[in-house]
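Got your viewer open and a hand on the mouse? Let's go for a walk, one selection at a time.

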Amino acid sequence: MSFKRGAAAQVMVGALAFVVAGAALAVQLPKGVSLGPSVEGITEYRLANGLKVLLFPDASRPTVTVNVTYLVGSRHENYGETGMAHLLEHLLFKGAKNNRDITGEFSGRGMQFNGTTSLDRTNYYEVFQASNDNLRWALQMEADRMVNSFISDKDLASEMTVVRNEFESGENSPGGVLFKRMQSVAYDWHSYGRATIGNRSDIENVRIANLRAFYRTYYQPDNAVLLVAGKFEPRETLATISRLFGAIPKPKRTLPQFWTVEPTQDGERSFTVRRQGDVQIVAVGYKVPSDLHPDADALGFASEIMGDAPNGRLHKLLVETGKASQVFSFGQTGYAPGLQFFGAVVKKGDPVEPVREALTQAVEDIARRPPTAEEMERVRRAAMNSIERSLNDPQAVGVALSEVIALGDWRLYFLGRERLKTVTAEQVAASSGRYFLRSNRISGSFLPEDAPQRAVLPPAPSVESVLQDFKPEASSLVSEDFEPTQQNIMKRTTLASAGGVKLALLPKKNRGETVTVNLRQHIGDEKNLFGKGAVPALTAAMLMRGTTRYSRAELADAFDKLKIAGGPAHFQTTRANLPEALRLVAHVLKEPAFPEAEFEQLRQQSLVGLEASRGEPQSVATRALARHFEQYPRGDIRHENTLEEDIADIKAARLEELKAFHRDYHGAHPAEMAIVGDFDPKEVVPLVDELFGAWRAKEHVEPVLRKHAEVAPATRTLDTPDKENGFYTARMNLDLNIDDPDYPALMLANYIFGDGGLKSRLMDRIRQKDGLSYGGGSELSAGDLDRAGSFSISAIAAPQNMGRLDAAIRAELARAVKEGFTASELAGAKSGLMQQRQQTRAEDGALAAGWTSYLYRGRTFEWSLAFERKLMAVSLPQLNAAFRKAIDPARLSVVMAADQGKAGPG
C-alpha cells in the first residue's frame, strides 16, 4: 500500500485517559460477535452477518466520529450507470424507514456530516458532541439506512438535478475538465477511465430500478465496515452495534465479480481540450500499479520529489526559471492499476511546448537521475509527520481509513507507514523506469512507432500476502479527557503579558504531545496605510520565502524538522519542539530576506491567479457585489478593488517598498498570542518576552474600523461565457454589533434560514424541493469594534436555472419575514448551534484563535458563556421580531454570473 501521492492538485485555474492497543481485551463480546486484530488502539470485531466493526476509543476530545465505508464505488457501475454510486450516496440522506428526516436530525444535533464517493468505495460519516443519545441515534440511523432507505422516484427527480448541478460546477474548472479527459483517454476498457461524477446523460436518465438494484446488492453488512472513533464506552457501544446491526440478516446474494484487465498501452496518447479560460495547463499521465503493489511506495516518493513546492524538481526547473507559474503531481490510484499525473500551469500567451518538453524529460529521466539522500529524507519526513498528525486525531484517522479499507484491510494504513521507512532511492529510480515511459504516456499527440516500448503492469498481490510479515507496533500515546466548557477553559488558562504581547496559555495533555500556537499582529492605521496598494499583502506573503538565515527551500525543511504544520501566525508542533519552533517563527517574522527571485515568482503567481479568476462566475459575482457596496476611495485599505486595480497594484509594487513596509509597520506592540496543548507555561512567558517583547513597529497602530452605510438595492446579471455552472450572491448591509440585544436572535434566525446545512429553509427549498442547486447558504456578519454588519446569501446553479433560483430565494426570504419561524425550528437551532460551538471549542486551533480574538477585544471566554446564555434565552416572539426588524427583502442586492448564452429567456 502506498502513501497518498500528493493531493488532487488545487491548480490555479478555475480552488487524562490512556489509549492502549490491548483495550479490546476488556470488552465482553456480545453473542455472535468475534474479535479480530488490534493495532495501536484500533480493534476489529465481526458480526455474524459479515459486518466489520472498528472501535477506536479516545477521550482526548468530547466528540465521536461514526464512519461507514461501503466497498462500492464508481468502478462497480455498468454501462449507462456512470455516476450512479455517487447519486445513490445523495439519496441515502433522503430518509429511511425509521428516520424520515435525517438531515433535520443532523441540524438539530449540530452534527458535522458528509458522504463521499470515489473509484473503489463510498463512505458516510457524522462527527458530533459525545453523548449516549447522539451515538445511539447515529448508530441506529446508519443501521436503518443500510437496508431501509427509501430510494424513491420523488427523491430521484429532485436529487438528479442537484447532482447534475454538481457535475456542472466541476465543468467550470479547466483543471477538473483536463483531468477527466486524461482519465478517459488513458483507459480503453477498465472502469477507472470513468470519472466518479459520471456522464451527464447517465445522471439525467438513470432509472430508479437500477439504483434500487445497485443499493440492494452493495449496501449490505458483509460489504461494509463501521468505525466508531472518539469519546465513547466500548463495551456499551459494541453491544449497541450488535443489537442494531446484528438484526440485519446476512445477505444471500453473491457479489458480482469483475474480470476486465486493462491492456498494456502500446503508444503515447494525446488530447486537447479547447474551452474559454485564462490560463494554460500542460500535464502528462502514466499508468501505474495498484496501491497494493510493492512499486506503489517508490512511485509515491517519485511523485513528491517531482511535484513538491518549493523543493521539487519541477518547481526548480519550471517555476524558478519563469517558464510556469505553478507545478503539481498527484496519483489517482486504488485497488486496480491507476494513473500518476505531473503538470504545470502556464501564463496565457506564453509558449506551452517548451514546458511540456521539459516536464516530460524531467519525469522520464528519474530512472537516470535517482533521488538524492536529501530528497528521500525530505519526502520520508513529511509523510511520516502527516501520518503522525492523523494518528493523533481520531476523526482524521477514522476518515483516512476508508481509503485503505477499500484496498481490502484497514491495517494496510499502518503497514504503509512501516514501508515508508525502507524505500530506497534505487527503488524509486527502478520503479520510475518501469512505468514513466514514452509508450505509457498520455499527454500530447499520437505518434506511431515501429518498435514501441511496453510497460507491463503486474497483477495486484493478495491482501494476505501483503500482510503476512506485518507486525504492529505497540502504542504509547496518551491524552487527557478535556472538557471544553467556558468555565473549564477559564479555570485552565493563564493570562499574562510579555512586552506588548497579551498571552493566553492553556496547557493540557494531548495525543502525540501536540501544541497549537496562534499569533495575532496588528499593522498600521487608517491614515498610514493609505495608498499602500498590494504592498501589505505581498509583504506578508514574502515572509516564508526566505530569511537572513534560510532560503525558501531550507525554511520549508526547518519547519518539517520541528514538526511545524502551518505558518507563522498559526501552527501546530510538539512539546519538545515548541521552544525552537517559537524561535524559528520569530526569526521568520522579524528577519525576512525578501529575495528578488522569490518576489518575482510571487508577483507572477499572483497575476496568473487574478487572470484565472477573470471568467470564473464565483469570482466575477463576488467582486461585483463587493464593488456595489463600495464606500471608500481608491487607496483606502478598505477599498474594494476592481480586477484591473488589483493587477495594477501588483505590477506597481517594488521590492524596496516591501522591505520598508516590514521595517516600519511590522511588530508585536500590540499583539495577542494563545498557546493550547502540551507545554509548560512557565517556560513560555520568558521566551515570548525575549523573542517579541521589544519588537515595536515605527508606525502608529490603531484598529481600522468600517462604517455602516445604507446602499440602494440593485440586481445585476453578468456574462461568464463557456461556463457550465453559475454563481448567485446577494447582500444587504446591517447596522449591527455583536453586543446588540438582537444579535443572539439574529444568529439563530440565520441558522434556521440558511446556515443550518441541508435542513435550513434555504437548502430545503433550492436543493431538497426544487432541485436547483448543489450548494448554498446564508451568512450573518456583525461588527465587533464597529457596527458594519451584513446579511448575505450565496448559491450555485446551472445558467438556465439562475432565474428560478433567484425567485426561490426571494420567496423563501419573504416567507420567513411574513410568517416567521416555528418553535420546533427555534429549538433545533439552539441545539445545533450550541453543539457546534462546543465542538469548535474542542479543537485546539479554534480554541487558540478564539483566545486571541477575545484578548484583542479585551474579553475572555466568560463573554462566550454569557452569549450562549442569551442564545438559549431567546423566545419565539423575540426571534421573529428581530428578523423582521433587521431583514427587509426589498433591500437585497443581487449579482448573478453565468453563461448568458445558456441561460435562455427569463
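**Stop 1: Rings that meet**

There are 32 aromatic pairs in this structure, which is a predicted model. Start by selecting Phe 179 and Phe 328 and showing their side chains: these two rings meet edge-to-face, with 5.6 Å from centre to centre and 85° between the planes. Now colour the elements they belong to. Phe 179 is part of helix H5 (residues 174–186) and Phe 328 is part of strand E11 (residues 326–332), so this pair ties together parts that lie 149 residues apart in sequence.

Are these two rings buried or exposed? Residues count as buried when their relative accessible area is under 20%. Phe 179 has 13% relative accessibility, so it counts as buried. Phe 328 is at 4%, so it counts as buried too.

Keep Phe 179 on screen and add Phe 330. Here you get another edge-to-face pair, at 5.0 Å between the centres and 90° between the planes. This pair also links distant parts of the chain, since Phe 179 sits in helix H5 and Phe 330 in strand E11, 151 residues apart. Phe 330 is buried as well, with a relative accessible area of 6%.

Next, select Tyr 70, Phe 93, Phe 106, Phe 113, Tyr 124, Trp 137, Tyr 215 and Tyr 219 together: ring pairs link them into a cluster.

**Stop 2: Two helices crossing**

Hang on to Tyr 215, and bring up helix H1 (residues 84–91) and helix H7 (residues 208–218). Their axes are 10 Å apart, and they pack at an angle of about 85°. That is why H1 and H7 count as roughly perpendicular to each other. Which residues meet here? From H1, show Met 84, Ala 85, Leu 87, Leu 88 and Leu 91; from H7, they meet Asn 210, Leu 211, Phe 214 and Tyr 215.

**Stop 3: Charges over rings**

Jump to Phe 482 and turn its ring to face you. Lys 508 lies over that face, 5.1 Å from the ring centre. For another example, go to Trp 863: Arg 857 lies over the face of its ring, at 5.6 Å from the centre.

**Stop 4: An open sheet**

Switch to cartoon view and find five strands in the order E21-E25-E22-E24-E23, which form an open sheet with mixed pairing. Where are the edges? They are strand E21 (715–719) and strand E23 (776–781), each of which pairs on one side only. Ignoring direction, neighbouring strands in this sheet are turned by 15° against each other on average.

Zoom in on strand E22 (residues 726–735) and strand E24 (residues 788–797), which pair in the antiparallel sense over ten bridges. Pick Leu 734 and look across to E24, where its bridge partner is Gly 789. Then add helix H22 (residues 617–628): this helix packs on the sheet, touching E21, E22 and strand E25 (893–898), and its direction makes about 25° with that of E22.

**Stop 5: An enclosed helix**

Finish at helix H27 (residues 761–769). Seven of its nine residues are buried, so H27 is largely enclosed by the rest of the structure. To see the buried ones, select Arg 761, Leu 762, Met 763, Arg 765, Ile 766, Arg 767 and Gln 768. Just after H27, click on Gly 771, which takes a positive phi of about 65°.

Terms used: Residues numbered from 1 in each chain as written. Predicted model: local features only at pLDDT ≥ 70, side-chain atom pairs only at ≥ 80, totals over all residues. Heavy atoms only, no water. Phe/Tyr/Trp six-rings, centres within 6.5 Å; stacked < 30°, edge-to-face > 60°. Helix = DSSP H or I, 4+ residues; strand = E, 2+ residues; numbered from the N terminus. Buried < 20%, exposed > 50% of the residue type's maximum accessible area, 1.4 Å probe, protein only. Lys NZ or Arg CZ within 6 Å of the ring centre and 35° of its normal. Pairing = 2+ DSSP bridges. Axes fitted to C-alpha atoms, helices over the stretch in contact; angles between N-to-C directions. Contact = heavy atoms within 4.5 Å. Parallel < 35°, antiparallel > 145°, perpendicular 65-115°, else oblique.
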